[in-house]
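Reader: I am new to this structure. Please take a close look at the salt bridges with me. Then follow their residues and helices into the rest of the fold.

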Amino acid sequence: MPNHEHHLAPKPNLWGSCRLSIAFSVFLASVHMALLRDNLGIALLCMSKPSGNLTCEPNDAIVPTLPWLNLKQNCEFEWDSATRGRILGAFLYGYISTTMVGGFIANNYGAKVPFMIAVYGNIIIHLMVPSAALMHTELFFACRFLQGMFAGLLAGPFFQLFSAWMSEDEASILLSFGFSGYAFGTIMIYPLSGALCGSNFNGFGGWPLIFYIPAMISSLFILYWHRYLYDVPDNHPYITPEEHEYLLQNVGISDEPSVIPWLSIFTSMPFIAYILCYSAFLWNVFTMMNIMPMFLQTMLGIRTSESGYLYCIPFILTFLTRNFNATTYPIVKHFSGLSQTVCRKIYCCFGCLMVITSLLSIIYEENITKLHIMVAISINLALGDFAYSGGFFPTLLDLAPNYSGLLSGISTFIAFLVASPSSVVNSIIIEQNTKEEWNTVLWIIVASFAFIMFFYLIFGSAKLQLWSIAKVEMEIPEPGTFRSTIYTASKNMSVLRPSHIF
């Protein structure tokens, strides 16, 4: 193993660095994804007639779409629970169809190409959704499906970007900060959607604004991505010589095998454990985002506007938790003296226990109150995020940094394939909106988290996998003492992966 201890470049400040600009680009992309994906749960409550004896929230305001369409105001779409569940799942069906495509493109041609295609396509299709909904329900479904296809292209580029820009000691901070954009975007979109549902600005407003406004906000991010998003350090025009030298020495990617080791990838128990955890995590999050707002409406009688404000509370706490993990995980690992693998397992098990405990408190409580349900959901999402941001999710860069984009595409494809039917399955179960039906929905999550907790405890790992490098040493230590052999990715990618297309 080459000796990297001599003549190491000093670590440049993170603030104002290109490393931070890349992490911020991923943060904005995560916000963009949340704004254009998570608004539908509130939008459907605003668009469709409520279930049971609940009353509608009328709004006489209109937003012009296409002049020949018959406009519908709030609560005029006659969609039953199954139809709403199918529409909610449309985005996810499209998402899983392109995640591996995005990973393949990012792995071979750089991350910026699929990244920019994804954000442009997602925004354009999102602006077409209100007109599609007025034309036909199936056209509405098709637009959401296309949105998901464009969004799926982002799965691979996220990790591919980090693999070239993130040193070992900054991994937790930058990775958690970048992906905390999902929680931040959800914090924005829930109260915003609730407010837009009841908006009336000189006769203009109502449910279509729930689609138009987030798309307009996301379009502002494009300016930043054009200026500061680059695949690798060699392509970045604003990088300083000091930062370039630091990355050259600390973010190496070892030589890849001449042929992608497909058999080793799909038989790797740590990677399988990662996929199972990711699948269970997504099923839980999709249930909390898409189905639980209906619980607030049907079981507790909470109005759509109030639901939007209440539901952002758990995501505010999740955003804080994710960044808390980012800053404290390196400290905990350092002072505990535990290995990377052991620390990740502890965080993962703690998060799983919090999810299980929070849902059991709902299941065994007959008289659910507003305070109880909001505390339980907050614990579920915020403390449960320890399993995600502090547990299994960052380990993908530890297992195989050479194939981070490809493995991200594969794992996201499988995880979303498993979790995407959650909205449909839950909507079928919740046919009469009884407490017993809701308990069944929650028991599914409890059982899955109990399983993955023990599975990850046994098979989870944060060690570099032998199959991911061409020349392996006799012993592969934990990340922190060895991550790669030589840094060649930047120079190779600057030739093979042009970043100035967009």
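Author: The count comes to 3 salt bridges. Keep in mind that this is a predicted model. Let us take the pairs in turn.

Start with Arg-37 and Asp-38. Their side chains meet in a salt bridge, at 2.7 Å from N to O. A salt bridge here needs a side-chain nitrogen of Lys or Arg within 4 Å of a carboxyl oxygen of Asp or Glu, so 2.7 Å qualifies. Is this pair buried or exposed? Both Arg-37 and Asp-38 are buried.

Next comes Arg-86 with Glu-138. The closest N and O atoms of this salt bridge are 2.6 Å apart. The pair links distant parts of the chain, 52 residues apart. Arg-86 belongs to helix H3, and Glu-138 to helix H5, which covers residues 137-152. How accessible is each partner? Arg-86 is partly exposed, because its relative accessibility is 30%, and that lies between the limits of 20% for buried and 50% for exposed. Glu-138 has 37% relative accessibility, so it too counts as partly exposed.

The remaining pair is Asp-385 with Arg-322. Their side chains form a salt bridge at 2.3 Å, N to O. Asp-385 sits in the loop between helix H15 (370-383) and helix H16 (386-392), and Arg-322 sits in helix H13, so the pair ties together parts that are 63 residues apart in sequence. Asp-385 is buried, and Arg-322 is buried as well.

Now follow Arg-37 inward. There are 5 cavities of 30 Å³ or more. The largest has a volume of about 350 Å³. Its lining holds 27 residues. Arg-37 is among the residues that lie nearest its centre, along with Tyr-182, Phe-281, Leu-282 and Tyr-388. So which helices form the walls, with two or more residues each? They are H1 (18-37), H6 (155-165), H8 (181-197), H12 (269-298), H13 (304-336) and H18 (404-419). Helix H13 was met above as the home of Arg-322. Helix H12 gives the most to this lining, with 6 residues. What is the character of the wall? The lining has 19 nonpolar, 4 polar and 4 charged residues.

Helix H1 deserves another look. Ile-22 is found there. It is buried, because its relative accessible area is 0%. The C-alpha atoms of Ile-22 and Met-166 are separated by 9.5 Å, yet these residues are 144 apart along the chain.

Helix H18 also helps to line the largest cavity. Ile-414 has its place in that helix. With a relative accessible area of 25%, Ile-414 is partly exposed. Ile-414 and Ile-96 are 318 residues apart in sequence, but 7.5 Å apart in space, C-alpha to C-alpha.

The second largest cavity has a volume of about 100 Å³. Leu-40, Arg-84, Asn-290 and Ser-427 are among its lining residues. Three helices each supply at least two residues of this lining: H2 (40-47), H3 (81-109) and H12. Helix H3 is the one that carries Arg-86 of the salt bridge to Glu-138. Helix H12 returns here, after giving the most to the lining of the largest cavity. In the second largest cavity the largest share, 4 residues, comes from H2. By class, this lining has 6 nonpolar, 4 polar and 1 charged residues.

Now turn to a loop. Tyr-238 lies between helix H9 (209-228) and helix H10 (241-250). It is partly exposed, with a relative accessible area of 41%. Tyr-238 and Cys-18 are 220 residues apart along the chain, while their C-alpha atoms are separated by 7.4 Å.

Finish on the outside. Met-269, Phe-454, Leu-457, Ile-458 and Phe-459 make a nonpolar surface patch of about 470 Å². Which helix gives the most to it? Helix H20, residues 435-459, does so with 4 residues. Ile-458 has its place in H20. Ile-458 counts as exposed because its relative accessibility is 59%.

Technical notes
Residues numbered from 1 in each chain as written. Predicted model: local features only at pLDDT ≥ 70, side-chain atom pairs only at ≥ 80, totals over all residues. Heavy atoms only, no water. Patch = residues over 30% accessible without salt bridge, like charges linked within 9 Å, V, L, I, M, F, W, Y side chains within 5 Å. Areas by Shrake-Rupley, 256 points an atom, 1.4 Å probe, with all protein chains shown as cover. Buried < 20%, exposed > 50% of the residue type's maximum accessible area, 1.4 Å probe, protein only. 1 Å grid on protein atoms, 1.4 Å probe; cavity = no way out; pocket = protein on both sides within 12 Å on 5 of 7 lines; lining within 4 Å. Points joined across faces, edges and corners; volume = space filled by probe spheres on them. Nonpolar A, V, L, I, M, F, W, Y, C, P; charged D, E, K, R; others polar.
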